[in-house]
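The following report looks at how helices are arranged in one model and at the state of its cysteines. Please have the sequence and the coordinates at hand while reading.

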Amino acid sequence: MKRLYPVLIAGFSAGVFEIVPMAKSLSCCLIIPTAALFALYLEMKSTNRPEPFDISIGVRFGLLTGIFAALFGVTIETIVTLITKTNDLVESFPQMQQMLETFPVDKMTRSEVVGMLKTVAEQIRTAGFAPLYTFALLVNTLIVNSIFGIIGGMIGVKLLNNKYYGGK
């Protein structure tokens, strides 16, 4: 369990930053890779690591940081949505409808998608929770955060090895 502390701390931190409105747009390309670097740094400092990191450690730490960030971020987002009964989907639903009207798909498909989104938005407005929205958010966030976490872990290995181990 002690081995998971750095990725849990970094993942939780990233998950919290992922729900902040202005920082939300930076989560994949800045917050998650930085969190993976932070997890590696915490590991290095907590274990007084004498040897440089291997790239596989960076991949593992980045992947775990991305997964934990996704789990914490979606959980916090779901709790906030449950309390406030609103979120980005509800707020931007009229613009989404307008955008979907311009898509080059048949009318039946378009109306089904709009109907499904309308149902999800209504569930959020009334109950504060929509299972489909939460599931889609979780799957999307797990995939994106894992990919960018791995990238951040590999970059983090290179940066930390250069700074603390003389580029080994």
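## Helix packing and cysteines

Helices α2 and α3 lie oblique to each other, because their crossing angle falls in none of the parallel, antiparallel or perpendicular ranges. The model is a predicted one, and in it the axes of α2 (residues 27-47) and α3 cross at roughly 120° and come within 9 Å. The handedness of this α2 and α3 crossing is right-handed.

Helix α3 also packs against helix α7 (residues 131-164), here at an angle of about 150° and with the two axes 6 Å apart. Since angles over 145 degrees count as roughly antiparallel, α3 is placed in that class relative to α7. The crossing of α3 and α7 is right-handed, and the residues in this contact, sorted by class, are 15 nonpolar, 10 polar and one charged.

The two helix pairs are set out below.

| Pair | Axis angle | Axis separation |
|---|---|---|
| α3 and α7 | about 150° | 6 Å |
| α2 and α3 | roughly 120° | within 9 Å |

What span should the 30 residues of helix α3 (residues 55-84) have at 1.5 Å a residue, and how far apart are its end C-alpha atoms? The expected span is 44 Å, and the end C-alpha atoms of α3 are 42 Å apart, so the two values agree. Just after α3, the backbone of Lys85 adopts a positive phi of about 60°.

Turning to the cysteines, the structure contains zero disulfides. Why is Cys28 not bonded to the closest cysteine sulfur? That sulfur belongs to Cys29 and lies 4.4 Å from the sulfur of Cys28, which is too far for a bond, given that a disulfide requires a pair of cysteine sulfur atoms within 2.5 Å. Cys29 is likewise in no disulfide, its nearest cysteine sulfur being that of Cys28. In terms of solvent accessibility, Cys28 is partly exposed with a relative accessible area of 25%, while Cys29, with a relative accessible area of 48%, is also partly exposed.

A residue in another helix can be described in similar terms. Phe17 is located in helix α1 (residues 5-18), and with a relative accessibility of 47% Phe17 counts as partly exposed. Along the chain, Phe17 and Ile32 are 15 residues apart, and their C-alpha atoms are separated by 9.4 Å.

Definitions and conventions: Residues are numbered from 1 along each chain as its sequence is written. This is a predicted model: local features need pLDDT of at least 70, side-chain atom pairs count only at pLDDT 80 or more; totals for chains, interfaces and linings use all residues. Side-chain values use heavy atoms; hydrogens and water are left out. Buried means under 20% relative accessible area, exposed over 50%, partly exposed in between (1.4 Å probe, protein chains only). Helices (H or I, at least four residues) and strands (E, at least two) are DSSP runs, numbered from the N terminus. The expected span of a helix is 1.5 Å times one less than its number of residues. Axes are lines fitted to C-alpha atoms, for helices over the stretch in contact, and angles run from 0 to 180 degrees between N-to-C directions. Angles under 35 degrees count as roughly parallel, over 145 as roughly antiparallel, 65 to 115 as roughly perpendicular and the rest as oblique. A crossing is left-handed if the near helix is turned anticlockwise from the far one by less than a right angle, and right-handed if clockwise. Ala, Val, Leu, Ile, Met, Phe, Trp, Tyr, Cys and Pro count as nonpolar, Asp, Glu, Lys and Arg as charged, and the others, Gly among them, as polar.
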